[in-house]
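Me: I would like a close look at a single helix of this chain, and then a short account of the chain around it. Please take care to say how each term is meant.

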Amino acid sequence: MTRPDTTRLVMKFGGTSMGDLERIRRAARIVAAEVKQGRKVAVVVSAMAGKTNELVAWTDGAGAAARGLPISDDEYDVVVASGEQVTSGLLAMTLRNMGLNARSWMGWQVPIVTDDAHGRARIVDIPGEKLGAAVDSGEIAVVPGFQGVTPEGRITTLGRGGSDTSAVAVAAALGCPCDIYTDVDGVYTTDPRIESRARRLNKVSYEEMLEMASLGAKVLQTRSVELAMAKQVPVRVLSSFIEPDETGNLPEKGGTLICDEEEIVEKRIVSGVTMSRDEARITLLGLSDRVDAPADVFTRLAEANVNVDMIVQSQSRTAGTVNLTFTTGRRDAVRAADIMKAAQAELPFEEIRVDEDVAKVSVIGVGMRSHAGVAQQMFRALADKGVKFQAISTSEIKISVLIDAAYAELAVRALHSAYELDAV
């Protein structure tokens with residue numbers, strides 16, 4: 001494995017860190033402190049907090065496409081990508097006004113090459129030679145996150161949270177680490193707003209962070225963690241609400257390092273507890289018991305790009321039928337139910353029920369691979385609090401349960417205590 005070039009550094013500042021001119025000036029001081037230490041820096045920035053929502057509202061206000069015409073997703077991207085263009089220019093100007101050599105680089109100038117799936121594009125390539133030569137020459141390259149360009153030269157956007165992915169992709173292209181500055185000072189054992197005894201983790205493996213991100217933790221976007229793991233980019237999550245001292249130096253880096261599992265000496269059995277309320281449970285009552293019925297159900301959902309997580313099949317009271325329960329994201333629930341209703345005569349089933357008053361609570365840790373009893377401890381902790389679970393899903397390093405939403409925070413606190421995460 002190629003070791004990262006630690007003379008180079010990609011720094012990413014999120015929307016809250018870019019929220020106004022004073023916060024942009026603070027970000028510039030943090031960048032200047034890294035340059036003072038001899039680092040060759042590229043900076044990736046998000047739009048000001050709330051700006052992307054405003055831009056999206058403007059595109060909605062432009063009205064629907066005329067009958068027979070396609071939706072203008074390409075022009076949507078032109079509008080919503082402008083928020084990051086503003087902050088990249090403002091940060092570059094601020095750095096210049098501090099006497100530093102800085103320049104903004106739009107996505108098409110780097111270039112950040114993507115496919116043509118406007119509004120949800122995926123990065124295909126970032127040729128790093130031109131950007132690398134610029135930062136090696138002493139220039140601070142300020143790159144707008146969230147945006148790219150198709151091979152045909154059209155602007156694209158990467159979907160919500162896409163600036164994290166941009167930052168990791170730029171770091172991969174430059175072969176260096178990535179520091180992500182945000183409004184929290186690292187990754188915690190659980191949400192501190194739910195459990196006051198939550199502790200910041202010094203290191204988290206890529207696999208653990210990927211599970212945490214996909215199961216409700218909001219610190220990093222899932223695709224950015226996938227990319228970091230695939231390209232072996234070390235990522236550190238830090239607070240942007242820090243200041244260099246009077247000599248212009250930053251305090252010693254804390255935060256949380258997201259890295260390969262082999263770099264973590266003491267592997268915890270459980271590293272974190274997450275909760276997601278973005279869940280819906282769909283049950284098909286009296287589904288035909290023919291052997292291909294579940295395959296038929298999930299093929300139809302997959303063809304509509306509806307992601308399914310937990311699946312439970314149980315015997316029905318009616319002979320020759322079963323009850324099939326599955327979960328999906330709350331935003332997909334109505335679409336999933338409509339797909340099932342449209343196919344009711346072909347599947348067939350007697351009744352469909354949709355419940356959005358549910359939550360998914362998960363425990364995550366690489367130590368689960370080599371320790372028995374993790375599930376027993378989880379179910380005992382929930383039983384002691386009177387929390388019933390409706391479905392279960394597992395992987396090598398996580399166990400998730402679906403429960404009544406009213407018990408979600410109680411379950412998080414109970415599991416945090418059961419695995420003694422307050423002592424991390």
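Reply: A residue is called buried when its relative accessible area is under 20%, exposed when it is over 50%, and partly exposed in between, with a 1.4 Å probe and protein chains only. Helices (H or I, at least four residues) and strands (E, at least two) are DSSP runs, numbered from the N terminus. This is a predicted model, in which local features need pLDDT of at least 70, side-chain atom pairs count only at pLDDT 80 or more, and totals for chains, interfaces and linings use all residues. Residues are numbered from 1 along each chain as its sequence is written, and side-chain values use heavy atoms, with hydrogens and water left out.

Helix α7 spans residues 206-214, and because 7 of its 9 residues are buried, helix α7 is largely enclosed by the rest of the structure. The buried residues of α7 include two glutamates, Glu 208 and Glu 211, alongside Tyr 206, Met 209, Leu 210, Met 212 and Ala 213. After α7 comes Gly 216, which has a positive phi, near 125°.

As for the surroundings, the chain has 12 helices and 20 strands. Its radius of gyration, taken over C-alpha atoms, is 24 Å, close to the 22 Å that the globule rule (2.2 Å times the number of residues to the power 0.38) gives for 424 residues, so the chain is as compact as a globular protein of that length. Buried residues make up 48% of the 424 residues in the chain. Of the contacts (heavy atoms within 4.5 Å) with a separation of 6 or more, 75% join residues 24 or more positions apart.
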